[in-house]
There are 2 protein chains.
Amino acid sequence: MKQNIYDNPTFFNEYKKLRESGITYNDFIEQPAVKSAISCLEGKTVLDLGCGTGEFVRYCLENKASYVLGVDISKKMIEQAKIKTENGKADFICAPIEDINITDQKFDVIISSLAIHYIEDYDGLINKVRNLLNYDGVFIFSTEHPIVTARKEMDNWIKDGEGNKLYWALDDYHEEGKREQHWYIEGVIKYHRTISTLVNTLITNGFKIEEIQEPQSTSEGLNKMPKLVNEKRRPSFIVIKAQKSCVT
Amino acid sequence: MKQNIYDNPTFFNEYKKLRESGITYNDFIEQPAVKSAISCLEGKTVLDLGCGTGEFVRYCLENKASYVLGVDISKKMIEQAKIKTENGKADFICAPIEDINITDQKFDVIISSLAIHYIEDYDGLINKVRNLLNYDGVFIFSTEHPIVTARKEMDNWIKDGEGNKLYWALDDYHEEGKREQHWYIEGVIKYHRTISTLVNTLITNGFKIEEIQEPQSTSEGLNKMPKLVNEKRRPSFIVIKAQKSCVT
């Protein structure tokens, strides 16, 4: 059974409120990085794995993608996505991203925004992504940084008596696998993987690494969320861009 | 003036003793990883940047490299290398690796073992390496892991009252540049760079990433140096293998 925190009513409401505020790590760190990694969407077909309420799907359409397919495990998210997105050039499928079974379509661009740390079988997913890409297609994904997911005890800022952040505690780096965290609700499961696993799995599946980003906050973000200055001290996310290579 | 700690008599004697003991991080973590990254040396020409006393140069010759050139900033190291290495298929140059100026030779393999964290101008070095490689040549290097070099205050195992290691303190990740450390002598300078800088600089200089390793100890190492079990908790080194790509 795939984890589906987004259909938990408590989680969904809190998460929806957060994303609609426009004051999030996504808005100021992760999305600008993912968008900067995409060269041009005009005329491209796009698959968005873990599309949520379809924000990025609409971004692709505004930037002249010819067609976008969004996939998400959460019914509530997909409902929202359908309501918010004009019919025509986008479709949505409600399914766990690792279970998608598309045999009649390939894409120029596949993106996945902060979804892959929920997936247990990374190698299996990367293999699927490769098969769903056109020749020379690109895969761009963001995920929680291994520096952040490594330590099993996940609250990692070590503070002094006055609450000042002294440093970030890292541990268990090579013990890949499940991490459990409280995030609005108890028991949110994420999967830790090392940098070398993230990169080498792409390469062994026939991808060429194009770029790695460990994004910091935009200047707007630093104004609106001053705590984002801490991204300088340890990166929250990693964004990897890889191209399906001709030789496998 | 390039830093040359290895010609400091105190440092040189301590370091020589350490390496000759055969009980080091190099023997059980770093060298096995670097060697595993090299597919075949037979008939290959090799350049070793930061060759020290020539241990790896001799390894290449034993594995049938056709010619090996070793470069090191330290006169004392190069003296030892010349004494220990049979004449014929190897040469040694005493120079800072970032200053080498070879115009009449190209190599099939360039390796650099734990030297690059001493180099200020990483981009300049990578550009030189590219120019010194034959078409399809490979560059393999090990360097201290960004997780290790990030925090300016460099003694990073946080311990409880009984000396047990609680976790590894990380900080200052995005502040690249100088780090100062005591290692046998005061004021050893290293340069911290992020994962994204290490990787992207290779790509923008026309390399294709082939493999990233964050090596743990061999089982022999775990027997002879039990503390190497801590490599599981945070990696000391990163090893990157990259191929000069046909398109720049």
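Q: Why can we say that the copies, chain A and chain B, meet through the same surface?
A: Because 100% of the interface residues of chain B are also interface residues in chain A. Keep in mind that this is a predicted model.

Q: How many residues of each chain are in contact?
A: 33 residues of chain B touch 33 residues of chain A.

Q: And what turn lays chain B on chain A?
A: A turn of 180°, with a shift of 0.0 Å along the axis. The RMSD is 0.0 Å. That is how a two-fold axis relates copies.

Q: Which C-alpha of chain B is nearest the axis?
A: That of A169(B), 2.5 Å from the axis.

Q: What area is buried between the chains?
A: About 2700 Å² between chain B and chain A. Carbon and sulfur atoms give 57% of that area.

Q: Which residues of chain B lose the most area to chain A?
A: Y167(B), H174(B) and E214(B). Together they make up 23% of what that side buries.

Q: How many residue pairs are in polar contact across the interface?
A: The rule finds 22 between chain B and chain A, counting pairs with both residues at pLDDT 80 or more.

Q: Which elements of chain B give two or more residues to that side?
A: Strand β7 (165-170), helix α7 (195-204) and strand β10 (207-213) of chain B. The largest share comes from β10(B), with six residues.

Q: What's the mix of nonpolar, polar and charged there?
A: On the side of chain B that touches chain A, 14 residues are nonpolar, seven are polar and 12 are charged.

Q: How many salt bridges are there between chain B and chain A?
A: Two. One salt bridge pairs the side chains of R233(A) and D171(B), at 2.7 Å from N to O.

Q: Back to β7. Do its copies run parallel or antiparallel?
A: Antiparallel. Three bridges join β7 of chain A, residues 165-170, to β7(B).

Q: What is the bridge partner of W168(A) in β7(B)?
A: L170(B).

Q: New topic. How many salt bridges are there over all chains?
A: A search of the whole structure finds 22.

Q: What does E20(A) meet in a salt bridge?
A: The side chain of K84(A), at 3.7 Å from N to O.

Q: Where do those two sit?
A: In distant parts of the chain, 64 residues apart. E20(A) is in helix α1, residues 9-21 of chain A. K84(A) is in helix α4, residues 75-84 of chain A.

Methods:
Residues numbered from 1 in each chain as written. Chains lettered and ligands numbered in written order. Predicted model: local features only at pLDDT ≥ 70, side-chain atom pairs only at ≥ 80, totals over all residues. Heavy atoms only, no water. Least-squares fit on C-alpha atoms with pLDDT ≥ 70 in both. Contact = heavy atoms within 4.5 Å. Buried area = accessible area lost by both parts, 1.4 Å probe. Salt bridge = Lys/Arg side-chain N within 4 Å of Asp/Glu carboxyl O. Polar contact = N/O pair within 3.5 Å; in protein donor to acceptor, adjacent residues only side chain to side chain. Helix = DSSP H or I, 4+ residues; strand = E, 2+ residues; numbered from the N terminus. Nonpolar A, V, L, I, M, F, W, Y, C, P; charged D, E, K, R; others polar. Pairing = 2+ DSSP bridges.
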